[in-house]
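User: Please take a close look at a single helix of this model and at the way its surroundings are arranged. I would like one connected account rather than a list.

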Amino acid sequence: MSNWALILYCGFITYLTRFSMIALIKKEMFNDRIREVLSFVPSAIFPAIIFPAIFINDKGLFEIDDNPKILAAIIAMIIGIFSRSIIATIFSGLASYWFLIFVV
Amino acid sequence: MSNLKVFLKGIIDVSPLMIPVVPFGLIFGVLAIDIGFTPIETMAMSLIIFGGASQIVLLQLFSGGASSLVIISSVGAVNSRHLLYGAVVSEHLSDLKLVWKIIISYFLIDQAFAISNDYLKKNKDSNRYFHLVGGGATCWVIWQSTTLLGIILGAAIPEKLGLSFAVPLTFLALLVNDFRKFINVIVIITSGLVATLGYNYIPFKAYVIVAALAGLITAMILTTKMKKNE
């Protein structure tokens, strides 16, 4: 598939997630149970990006020794829990990572 | 209030939420160029998809060599939360013409939903939906301009900086409020473990979808159990 087709399909499915409920479905069709489970979508899907990006290297191998990303991510997580700030989390993680690879 | 005033109120209300969008847009633009998308393709992604987290997921999977079907379904899965937003705001939009529904749908994004959901509940004016359009349009301007800035900067940023590490960090940042909730933490660990262990074994790089399903099933089991114990 060409890049353009990929972009258009991704755009189409994204638009569909926004439009379908507004156009077709009444609020009552979403009960509290479905709403509750959907509220867990970010917690269910984002770690699937986070963990491999930290623990698996460019060659597709599991890497736990000599991996500065682990410590940097832990620092970012701690800063995130206490600051509840998106920007502080990203930048503390990047700063720690750069400190670990360039200075230490 | 006039349509314009409601629109402006939407802009003002959403503004504080725009600060974190800036690094996201920059990171997206820089990474897309780094991975090998052309500037026009990169800009088209922001214009056509207009969904930050899902666009970064697209890049991550694309660079890992995932199949198109997996990328498209992962983007759909990440954006499935919009179904909930749509269902919640639909009652406020039910009297509108189809054209307006088509336009407003494009602007139904996290930040606009977050601020307008409150406003729509408290106001009964027939033009209250302009608040949602104001918030969405603001985010649109920020997202497109930071993507463009990222595209321009992308060429100048050295690969040695390891900016791809910004991807897990941005998603980590989106979960900061969930680290304090017990069930969420279990769901996060389950999904992360399944994705990491399955990374090389789940075919077609579908590890994102498999891990997300494992996480959601865990959430369903745990929330059911918690209710029984109450």
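Analyst: What follows is an account of one helix of chain B, then of another helix pair in that chain, and lastly of the contact between the chains. The model is a predicted one, and the helix chosen is α4(B), which covers residues 52–63 of chain B.

Its length can be checked against its residue count: at 1.5 Å a residue, the 12 residues of α4(B) should span 16 Å, and since the C-alpha atoms at its ends lie 17 Å apart, the two values agree. As for its surroundings, 10 of those 12 residues are buried, a residue being counted as buried if 20 or more other C-beta atoms lie within 10 Å of its own, so α4(B) is largely enclosed by the rest of the structure. The buried residues of α4(B) include Gly52(B), Ala53(B), Ser54(B) and Gln55(B), together with Ile56(B), Val57(B), Leu58(B), Leu59(B), Gln60(B) and Leu61(B). After the helix comes Gly65(B), which has a positive phi, near 80 degrees.

One partner of α4(B) is helix α5(B), residues 68–78, and the axes of these two helices come within 9 Å while crossing at roughly 155 degrees. Angles over 145 degrees count as roughly antiparallel, and α4(B) and α5(B) are therefore roughly antiparallel to each other. Their crossing is right-handed. On the α4(B) side the contact is made by Ala53(B), Ser54(B), Val57(B), Leu58(B), Leu61(B) and Phe62(B), and on the α5(B) side by Val70(B), Ile71(B), Ser74(B), Val75(B) and Val78(B). Sorted by class, the contact of α4(B) with α5(B) has 9 nonpolar and 2 polar residues, with no charged ones.

Another pair in chain B can be set beside this one. Helix α3(B), residues 39–48, packs with helix α9(B), residues 130–154, at an angle of about 160 degrees and with the axes 10 Å apart, and α3(B) and α9(B) are therefore also roughly antiparallel to each other. The crossing of α3(B) and α9(B) is right-handed, and the residues that make the contact include Met43(B) and Leu47(B) of α3(B) and Trp143(B) and Leu148(B) of α9(B). The residues of the contact of α3(B) with α9(B) divide into 6 nonpolar, 4 polar and no charged.

Beyond chain B itself, the contact between the chains takes 75 residues from chain B and 59 residues from chain A. On the side of chain A that touches chain B, α1(A) gives the most, with 17 residues, and that side has 42 nonpolar, 10 polar and 7 charged residues.

Methods
Residues numbered from 1 in each chain as written. Chains lettered and ligands numbered in written order. Predicted model: local features only at pLDDT ≥ 70, side-chain atom pairs only at ≥ 80, totals over all residues. Axes fitted to C-alpha atoms, helices over the stretch in contact; angles between N-to-C directions. Helix = DSSP H or I, 4+ residues; strand = E, 2+ residues; numbered from the N terminus. Parallel < 35°, antiparallel > 145°, perpendicular 65-115°, else oblique. Left-handed = near helix turned anticlockwise from the far one by under 90°. Contact = placed C-beta atoms within 7 Å. Nonpolar A, V, L, I, M, F, W, Y, C, P; charged D, E, K, R; others polar. Expected span 1.5 Å × (residues − 1).
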